[in-house]
Number of protein chains: 4
Amino acid sequence: MPKETFKNIPEAKRQKFLNEAALLFAGKGYAGADMGELARRAGVSKGSIYNYFESKEDLFLYVCSFNLELSRQAIYGTMDPDWDIYRQIEHIFESGARFIGDHPEFMVIYLSMSAPGMEQFSRALARETEKFTSDHLKRELAKGIAAGVVRADLDIKLTAFIVNGLYILFLSSLMSAYFQIRMSEYMEIEGAITPETTREFLQKTVDHIHKLLRPPAVK
Amino acid sequence: MPKETFKNIPEAKRQKFLNEAALLFAGKGYAGADMGELARRAGVSKGSIYNYFESKEDLFLYVCSFNLELSRQAIYGTMDPDWDIYRQIEHIFESGARFIGDHPEFMVIYLSMSAPGMEQFSRALARETEKFTSDHLKRELAKGIAAGVVRADLDIKLTAFIVNGLYILFLSSLMSAYFQIRMSEYMEIEGAITPETTREFLQKTVDHIHKLLRPPAVK
Amino acid sequence: MPKETFKNIPEAKRQKFLNEAALLFAGKGYAGADMGELARRAGVSKGSIYNYFESKEDLFLYVCSFNLELSRQAIYGTMDPDWDIYRQIEHIFESGARFIGDHPEFMVIYLSMSAPGMEQFSRALARETEKFTSDHLKRELAKGIAAGVVRADLDIKLTAFIVNGLYILFLSSLMSAYFQIRMSEYMEIEGAITPETTREFLQKTVDHIHKLLRPPAVK
Amino acid sequence: MPKETFKNIPEAKRQKFLNEAALLFAGKGYAGADMGELARRAGVSKGSIYNYFESKEDLFLYVCSFNLELSRQAIYGTMDPDWDIYRQIEHIFESGARFIGDHPEFMVIYLSMSAPGMEQFSRALARETEKFTSDHLKRELAKGIAAGVVRADLDIKLTAFIVNGLYILFLSSLMSAYFQIRMSEYMEIEGAITPETTREFLQKTVDHIHKLLRPPAVK
DNA sequence: CATGAATGAGGGTTCATTCAT
DNA sequence: CATGAATGAACCCTCATTCAT
């Protein structure tokens, strides 16, 4: 929902603007983000922002859905549909982690949408955001069961819900201050979270899902 | 961290005040909550709030930890330590659901703490909040493995992390606007979320955990 | 519709505030008046204005009706109901002229209400404002006809409308920049409008009404 | 005071532009009118407006005098100079009412000029606007007195002032929200103002003037 | 200790005008 | 000449906090 004006400005300027907006919203939250500061950071005038978007709300909505789309492409654009479900899940977690390594603001913005006072945004974005992954996971789980690589006694809808839930928790644990601390507490990590602990945590999580979904070996 | 003054006012007034504060923070978020409105709703003067607490921040911190303590009591105060881990997990989910049925604001406040711009609160509250449950789950998982009712090949720390993660997702799905929509999408629920769908969802989730953790039946 | 707060402040401060508000609205018009400037002029903080009134609109509405009430008292509070209609009309014009001599802003505010973009205010104030005078003039005209001092062939409603219309034109001609020029043009007044020309104009206008309403002398 | 550029654009475009400008100023008032909206409505670019006129103020001034000229033509262009004064007055009221039926924005713009904060415009336009009618009415009144159809005891200047004043009140009562309500109150009209009530009101007003000015019948 | 009036920095938004293309 | 993106000064209003009573 940017205005026409926004579509007509140079690509580089547009990227810069959206990037600064995402960083600002992620850093201060929706309410805390100051349009004046965004203008300064993005190198445009305050007035220009309102030539690009109707309102702060409109901008936030677009920044969210733009970043959601970016993340979707980063993950699903590089996935081979012939992989089995475990390879796919591993890929999702891996490329998700890589994506928020490059765009640390993404997860924070995602969590923003679920904060109180954000119901307006929830309504506008939740369905669109979740449907794609929901459909994909269910389809792959069904294929996995048919292929005998996933336990047949699992409820597909709930399992998809849970796998995606673990994905959200995983990413949250990498980025949100609160969930980082929570992860450190549970995983008994001392000190800062390093790329190594992240990689290890990723591996453990994926293995865990593997273990939980795979049918018991038959003699 | 309330001031002395707050401890000296009548119990009923104090309860009313904390309750209204929680409802307001949950309804509008930290930034959106207006101290003037709280004064009006709680039936005290604006000046009095600052006789009770140093600042809005201080109040929010206390409201969070107070409600966390409440929820802990609602859950762990009614739990029989002799129950096996599955009964305990069921109890946690059930009493958690019951607690936020009575205190719908609780979960929203919990999620508030993980929102961007809330790092100050994360740091102050996360460790305290999570340690208790983390320790408890790990202990019970260890006992479950020792007793042979939990798969021995699971990583205890990660499993505790995941079980509690599912608990957070479960409660979030009941209360946060965003996560409600997400649940509806995954579980393919049409229309509003009723007590029945909630109960059913709880049952399925607990069953699922059961299925995932229990060792395969040995021939 | 001031808030309670406004009613509780010292009388002198309240008077000063209302006076400065009237002057400002009269000087700059509704749209041109700046709440910040009002704060400075009235010696209160910007925030206080919003403790007194809901909004600029609300304030304007009150300033209008407050001044209308003041003018009503200045005119009708000093009128002897036993006077005949000509004496009453003379009194209305005289005390009206005196009132806007003391409150030059009044007439400008009155005309503000009829400006484009002010429909919201028109609806709120017009009926209340006009009814009182309308009723009074009609009653006196009826008495005048009954007493044989007013031509019986006049339509009472329209005559009341016209007499009051001439009153509005008269006062407008004293205060509004535009209508002052118009008066100078019609009355062929050179140079500034002095108290003497005002008095003379008043006298002529009242005489004119007299002449128009009085029945032709019967032989 | 349009720039040369404005005179060189196609007639139809110029008409459309002036018409939209008049409608916008009438609808929102000078301060409320937005040059961007005018550009959109008139189908020109914002930049073009400033190729046509120096400023918003300049444009407003021109729109006013242009419309004043239009109304003058509508009224005096169709008047037979041989008619007696009563027929002329009737014609002025009738064609005035017809003109603002077709150009409802005109009267509102006229009243705009007398609003507070508009002194700059008053000074520029008032004399020019009023002189023509003032001169005409005085001339006709003098002729009427000479011909014995107007009471000789009337002050010509004041009577011209009043007759034109009633004309302004009459038109205002048809168009301005505030004066419509005032008219309804005085004339005791229930519900909306229809063409019939307008016609009737016109007739009564003209008759009234007739009655007031005509010398008493001599035996 | 309670009250609620006062404060003023700050934030979102508007809009007349400019100017490079 | 036309265009429309850019500008930034204003402006209305909010709200956490203070403080005199």
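The legends below describe close-up views of a predicted model. Residues are numbered from 1 along each chain as its sequence is written, and chains are lettered from A in the order in which they are written. Local features need pLDDT of at least 70, side-chain atom pairs count only at pLDDT 80 or more, and totals for chains, interfaces and linings use all residues.

**View 1. Surroundings of Ile209(A) in helix H11 of chain A.** Helix H11 spans residues 195–213; helices are DSSP runs of H or I with at least four residues, numbered from the N terminus. Ile209(A) is buried, with 22 other C-beta atoms within 10 Å (buried: 20 or more such atoms within 10 Å, C-beta atoms being placed from the backbone). Beyond its neighbours within four places in sequence, Ile209(A) is in contact with Ile89(A), Val163(A) and Leu166(A) (contact: C-beta atoms, placed from the backbone, within 7 Å). Ile89(A) lies 120 residues from Ile209(A) in sequence, with 8.8 Å between their C-alpha atoms.

**View 2. Confidence along chain A.** Chain A has a mean pLDDT of 91, and 99% of its residues reach 70 or more (pLDDT: the predictor's confidence in each residue, from 0 to 100). Among the elements of chain A, the lowest mean, 85, belongs to helix H7 (residues 105–112) and the highest, 96, to helix H4 (residues 46–52).

**View 3. The axis relating chains A and B.** A turn of 180° with a shift of 0.0 Å along the axis lays chain B on chain A with an RMSD of 0.1 Å (least-squares superposition on C-alpha atoms of residues with pLDDT of at least 70 in both copies). That is the relation of a two-fold axis. Of the residues of chain B, Leu212(B) comes closest to the rotation axis, its C-alpha being at 2.7 Å.

Key:
Helix = DSSP H or I, 4+ residues; strand = E, 2+ residues; numbered from the N terminus. Buried ≥ 20, exposed ≤ 12 C-beta atoms within 10 Å, placed from the backbone. Contact = placed C-beta atoms within 7 Å.
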